[in-house]
Amino acid sequence: MIFSSLSISYTNKCTAACAHCIVGAGPDKDEKLSPDLILPVLPDCNQLGIKNLLVTGGEPILYLDELESISSEVLKSGWHITIYSNGFWADNEKNAAIYAARFKKAGINSIVISTDRYHIDYIPFSIVQTAVDTLKAHDINCSVMYMKDNVLSAKDLYIDQHFQKNKVSNSIYRLSPDGRGEHLPEVKSNYIIPKKNMLLKRPCHLLQQLFINHDGNVLLCCTSSGRFKKLDSKDFYCFGNIKEDSFKTILNKIKAFFPIIKIIKQEGPAGIYHREKNELEKAGFSLKEYYYARCELCFDILGEQRYEEITKSLCR
Ligand code: SF4
Ligand code: SF4
């Protein structure tokens with residue numbers, strides 16, 4: 001099975017406008033998916049063996065009524081649903097309980113609350129804690145995720161200590177120079193991975209997910225959504241758009257791309273580099289001294305049109 005999850009970035013509308021947001025979400029944005037767009041793709045996803053729906057944004061809970069109707073269909077096929085939210089709905093205990101009861105009734109199995117030192121400017125940490133406490137009280141799986149970088153701030157330390165003390169399960173991601181994060185001065189301190197480490201073959205776990213962004217683009221991964229300002233089906237990372245193309249056509253394009261997906265899934269972009277090193281170098285490619293993450297190597301190879309014929313040869 002190539003994908004285990006369908007991941008949808010439901011909207012780029014958000015109650016916050018964090019300085020590091022990789023999708024550039026905010027209150028003034030209004031692009032979104034809809035049940036009419038998502039429900040028709042589910043049968044094909046079922047056939048691919050997908051059994052998980054991950055809903056991110058922006059802030060997807062702004063459209064909870066629409067998520068409830070998607071959820072009722074997804075549950076019929078025995079899927080598991082996880083929603084990523086900034087927790088805005090827990091601004092007081094009463095509201096938090098109302099939302100938690102709706103999540104429970106809709107069969108939403110897990111909620112991941114995102115927070116970090118940038119979020120806190122919009123969503124105070126007390127709200128995050130109310131969200132976590134209320135979800136736990138309603139027996140809904142709950143964890144937190146947050147971004148950190150090499151500039152450890154007092155806010156970061158506070159968040160770390162708080163979650164450790166309260167035994168809240170959490171996952172930590174690195175700040176990324178994509179979307180609005182591209183303009184953050186501290187992003188520069190993230191370029192610390194020397195090129196020799198970039199050549200190590202390690203799996204890319206994000207390719208367990210089939211990803212659809214708020215524009216309806218079906219993309220290789222969610223990070224490419226933040227990296228490239230406007231993607232369309234001419235781009236390597238974009239397989240088509242569910243607003244314009246039939247999902248079967250998109251899936252056929254993805255299937256033709258399976259050899260590359262398999263390489264990156266198992267070995268990361270280093271797998272592509274090692275296989276095509278000579279051809280890439282002949283076409284002018286050279287490794288940088290430092291990277292912020294493996295995705296950077298992926299973007300430098302797959303995101304460059306001049307290497308397209310070389311990388312596509314891996315699918316023949
Ligand atoms: S990082 Fe999360 S909470 Fe902040 S603007 Fe982006 S989607 Fe909203
Ligand atoms: S390594 Fe490539 S495919 Fe994997 S998440 Fe990064 S950009 Fe996407």
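1. Two strands are taken to pair if DSSP finds at least two bridges between them. By that criterion strand S1 (residues 5-9) and strand S2 (residues 52-56) pair, in the parallel sense and over five bridges. The model is a predicted one, and the points below should be read with that in mind.

2. The sheet as a whole is open and consists of nine strands, with mixed pairing, in the order S6-S5-S4-S3-S2-S1-S8-S9-S10. Strand S6 (170-174) and strand S10 (238-241) are the edge strands; each has a single partner strand, so one side of each lacks a neighbour in the sheet. From one strand to the next, the twist averages 20 degrees.

3. S1 has S2 and S8 beside it in the strand order. On the S2 side, Leu-6 has Leu-53 as its bridge partner, and Ser-9 stands opposite Thr-56. On the other side, S1 runs parallel to strand S8 (residues 209-212), and four bridges link the two. Ser-7 of S1 faces Phe-211 of S8 in this pairing. Where does S1 sit, enclosed or not? Four of its five residues are buried, so S1 is largely enclosed by the rest of the structure. The cut-off behind that statement is 20 or more other C-beta atoms within 10 Å of a residue's own.

4. The parallel pairing continues from S2 to strand S3 (residues 80-85), with four bridges between them. Val-55 in S2 is matched with Ile-83 in S3. S3 in turn runs parallel to strand S4 (residues 110-114), again through four bridges. Here Thr-82 has Ser-110 of S4 as its bridge partner.

5. The loop between S2 and helix H3 (64-76) deserves inspection, and Leu-62 is part of it. Gly-58 has its place in this loop too. The peptide bond joining Gly-57 and Gly-58 is cis, with omega about 20 degrees. Is Leu-62 buried or exposed? Leu-62 counts as buried, because it has 20 C-beta neighbours inside 10 Å. Its C-alpha atom is separated by 19 Å from that of Val-144, and the two residues are 82 apart along the chain.

6. Helix H3 contains Glu-66. With 18 other C-beta atoms within 10 Å, Glu-66 is partly exposed. Between Glu-66 and Asp-36, which are 30 residues apart along the chain, the C-alpha separation is 9.7 Å.

7. Asp-139 is a second backbone point to check. This residue is not a glycine, yet its phi is positive, at about 60 degrees. Asp-139 belongs to the loop between helix H5 (125-137) and strand S5 (141-148). Its surroundings hold 9 other C-beta atoms within 10 Å, so Asp-139 is exposed.

8. Ligand 1 has 13 residues around it, and Cys-14, Cys-18, Cys-21, Ala-25 and Asn-86 come nearest. By class, this shell has six nonpolar residues, six polar ones and one charged.

9. Ligand 2 is surrounded by 14 residues, of which Cys-204, Leu-206, Cys-221, Cys-295 and Cys-298 are the closest. Two elements, helix H8 (222-227) and H12, give two or more residues to the shell. Which element gives the most to the shell around ligand 2? That is H12, with four residues. The shell divides into 10 nonpolar residues, three polar and one charged.

10. H12 also takes part in a helix pair. Helix H11 (residues 269-282) packs against helix H12 (residues 294-302) at an angle of about 40 degrees, and the axes are 10 Å apart. That angle makes H11 oblique to H12. The crossing of the two helices, H11 and H12, is left-handed.

Conventions
Residues numbered from 1 in each chain as written. Chains lettered and ligands numbered in written order. Predicted model: local features only at pLDDT ≥ 70, side-chain atom pairs only at ≥ 80, totals over all residues. Near = placed C-beta within 6 Å. Nonpolar A, V, L, I, M, F, W, Y, C, P; charged D, E, K, R; others polar. Buried ≥ 20, exposed ≤ 12 C-beta atoms within 10 Å, placed from the backbone. Axes fitted to C-alpha atoms, helices over the stretch in contact; angles between N-to-C directions. Parallel < 35°, antiparallel > 145°, perpendicular 65-115°, else oblique. Left-handed = near helix turned anticlockwise from the far one by under 90°.
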